[in-house]
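Q: I should like to learn how to read the helix packing and the chain contacts of a model. May we work through an example together?

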Amino acid sequence: MLKRLSVAMVGVVLLGSALAGCGSKDDSTGSGSGDGKIVLGFSQVGAESGWRTANTKSIQDSAKAAGIELKFADAQGKQENQITAIRSFITQKVDVIAFSPVVTSGWDAVLKEAKDAGIPVILTDRAVDSQDTSLYVTFLGSDFIEEGKKAGQWLVDQYKGKTGPVSIVELQGTTGAAPAIDRQKGFADTIAADPNLKIVKSQTGDFTRAQGKTVMETFLQSTPKIDVLYAHNDDMGLGAIEAIEAAGKKPGTDIKIITVDAVKDGMTALSEGKINYIVECSPLLGPQLMDVVKQVKSGGSPEKRILTKETTFTQEQAKTELPNRQY
Amino acid sequence: MTILKNRLFWPAVILVALLVVNMFTSNQFITVRDGHLFGTLPDILRGSAPLLLVALGMTLVIATGGIDLSVGSVMAISGAVACLLISDLGNQNSVGSVLLIIGVAIVVSLVLGLWNGALVAAVGIQPIIATLILMVAGRGVAQLITDGQIINVQSSPYATIATGFFLAMPVAFLIAVGAVVLTVLLTRRTALGLLLESVGGSPTASRLAGIRSRRITVMTYVVSGGLAGLAGLIYSANIKSADSISAGNLIELDAILAVVIGGTALIGGRFSIAGTVIGALLIQTLGVTVVAVGVPSKATLLFKAVIVVALCLSQSATFRQKVFGRIKPRPATAVRAEVPA
């Protein structure tokens with residue numbers, strides 16, 4: 001036992017000295033890595049959902065593909081962990097720092113430290129409310145209002161040239177959450193173009209399947225006619241499908257369904273014809289992030305706001321896309 | 001006049017009032033379709049099953065002076081266990097295997113209840129802290145079981161426990177009714193109810209009187225765990241998937257509210273199962289009414305709060321006397337505050 005331990009220790013010491021030798025060769029680059037690789041420090045919110053897990057995996061995979069050395073820190077949903085991680089990135093002299101802020105406020109001090117150290121900061125997925133926008137280079141993420149607009153536009157196109165009122169019910173996300181507020185606003189603004197399109201009922205389904213089902217049951221019982229359901233995420237839409245089927249109606253045919261997210265289960269329902277249209281909210285922003293990192297490192301200045309590359313899916317597109325869905 | 005003084009009079013009045021509101025907003029309040037009941041009322045009964053089961057267990061725990069905060073997490077774990085096992089089945093529609101898996105999930109929940117009971121009765125940890133441990137850790141365990149993902153199942157026997165019908169009645173509601181009837185028989189037709197109340201009143205005095213108060217306490221947590229597990233199965237069967245993040249989230253608060261509306265004292269020593277049933281149905285009906293009448297989602301919580309405050313005030317003898325007492329003046333007797341024994 002003792003012998004094996006000492007062998008292991010010798011191994012560690014040898015490896016350590018080899019690395020140190022390597023590092024000392026080009027200390028002048030200022031980064032921790034020896035071979036001129038760009039070093040990116042990334043602090044993730046946590047692993048609270050399938051969406052977030054896919055987000056993490058995308059960043060890790062694309063860093064590897066782009067030849068960027070990634071120092072990854074999981075904040076487990078706590079701001080103080082994230083601040084600690086950013087400080088340690090600064091002392092390690094990484095080339096670029098990127099992070100998804102757990103909360104919007106309280107970042108000025110630590111971002112100032114990064115700025116003073118000359119390390120550019122990129123925000124991903126979530127924004128911060130700092131007054132001083134020079135503290136970060138860019139914000140890369142989805143535009144929830146745009147998602148709502150895309151959903152609304154599809155509906156407007158569907159009913160173009162048709163007369164007669166169309167009654168829409170809406171399942172909102174968690175009350176007060178940014179995606180819920182923005183997806184509602186973008187949708188409502190867009191469908192205002194057609195006076196026939198009317199939201200008759202709108203209630204929160206808390207982004208969950210069970211609530212989506214319960215609220216849809218009541219919508220079905222208390223509304224004379226429902227033509228369209230707009231759900232702020234796939235899960236609520238999937239719950240609502242259960243309720244619609246239990247009421248003896250055909251989802252996708254009797255009631256048209258539009259959702260946002262495009263997770264695997266949602267795409268499956270779309271390809272089966274139970275959902276009519278899904279607006280994507282993609283966690284796969286890794287490749288875009290690496291492009292921005294390279295651009296920043298080579299002295300370029302990217303746009304202050306970069307939108308995640310996102311698309312929309314019809315039933316036909318879902319059938320071809322479904323086998324490639326990772327999350 | 002005596003019926004007005006019954007603690008359950010006002011909750012029952014509000015429940016009936018909410019149901020009447022639903023009669024007007026609903027297309028079909030109650031009707032028969034495809035050989036089973038259909039409409040708003042059957043939806044309410046079916047939807048209230050998980051809360052009814054959880055609140056029933058909570059009533060027994062509270063009767064002994066305890067509290068069980070872990071019910072939501074136990075729901076998540078039992079749903080996660082069941083869906084994980086069912087998704088591994090070769091034939092998900094095999095009734096035998098599904099029943100066996102349901103059994104496994106219930107046993108897991110009973111063990112979790114035993115853990116709570118042991119912490120409270122054997123180790124002597126305060127119930128609110130003892131069950132808080134499982135409340136926080138349990139959700140983590142559930143997420144570990146499902147690997148943080150939502151597990152889907154396509155098993156019609158499993159879905160039946162939430163969405164099926166038996167003798168035209170929703171199966172989920174029948175399960176809840178069965179649990180209620182069994183509990184009433186066990187507590188009110190045997191000495192068990194009396195023992196529960198005596199332990200809640202004073203565990204030490206009960207022990208000195210020859211009651212095995214520890215055993216009674218542990219038993220209530222085991223029952224609460226088992227009922228929460230059953231509720232978790234109905235919850236996950238309802239959406240044919242295990243959603244370990246949101247399953248049973250905050251249901252402990254609704255359950256405690258249902259118990260309190262029903263007139264069970266939080267300090268223990270007195271409980272009313274009929275009251276809990278009315279409380280749970282009231283909360284479920286309130287949720288449905290909010291959607292049916294179209295209260296904007298920003299105002300839903302406020303609307304619910306107003307109803308609950310009105311209800312609690314109506315149950316307070318002090319409040320009633322202050323407001324209505326002037327109409328028929330009585331000799332000014334000081335209102336006797338009830339001092340917990």
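Q: In this predicted model, in which crossing, left-handed or right-handed, does H5(B) pass H7(B)?
A: The general idea is to look at how one helix is turned relative to the other. Here H5(B) passes H7(B) in a left-handed crossing.

Q: At roughly what angle do the axes of helix H5 and helix H7 of chain B cross?
A: The axes of helix H5 (residues 71-87) and helix H7 (residues 127-146) of chain B cross at roughly 15° and come within 8 Å. Angles under 35 degrees count as roughly parallel, so H5(B) is roughly parallel to H7(B).

Q: Which residues make the contact of H5(B) with H7(B)?
A: Among them are Gly72(B), Ala76(B), Ala80(B) and Leu84(B) of H5(B), together with Leu134(B), Gly138(B), Arg139(B) and Ile145(B) of H7(B). By class, this contact has eleven nonpolar, four polar and one charged residues.

Q: Where does UniProt place the transmembrane region feature, and how should it be read against the model?
A: One sets the record beside the computed helix content. The unreviewed UniProt entry places this feature at several spans of chain B, including residues 44-62 and 119-138. Residues 44-62 of chain B are 95% helix and 0% strand, with end C-alpha atoms 26 Å apart. Residues 119-138 of chain B are 80% helix and 0% strand, and their end C-alpha atoms lie 15 Å apart.

Q: How many residues of chain B are in contact with chain A?
A: In chain B, 26 residues are in contact with 25 residues of chain A. Helices H3 (40-47), H12 (213-238) and H14 (273-292) of chain B each supply at least two residues of that side. Its residues divide into six nonpolar, 16 polar and four charged.

Note on methods. Residues are numbered from 1 along each chain as its sequence is written. Chains are lettered from A and ligands numbered from 1 in the order in which they are written. This is a predicted model: local features need pLDDT of at least 70, side-chain atom pairs count only at pLDDT 80 or more; totals for chains, interfaces and linings use all residues. UniProt positions are given in the numbering used here, feature names are shortened, and annotations may be inferred rather than shown by experiment. Helices (H or I, at least four residues) and strands (E, at least two) are DSSP runs, numbered from the N terminus. Two residues are in contact if their C-beta atoms, placed from the backbone, lie within 7 Å. Ala, Val, Leu, Ile, Met, Phe, Trp, Tyr, Cys and Pro count as nonpolar, Asp, Glu, Lys and Arg as charged, and the others, Gly among them, as polar. Axes are lines fitted to C-alpha atoms, for helices over the stretch in contact, and angles run from 0 to 180 degrees between N-to-C directions. Angles under 35 degrees count as roughly parallel, over 145 as roughly antiparallel, 65 to 115 as roughly perpendicular and the rest as oblique. A crossing is left-handed if the near helix is turned anticlockwise from the far one by less than a right angle, and right-handed if clockwise.
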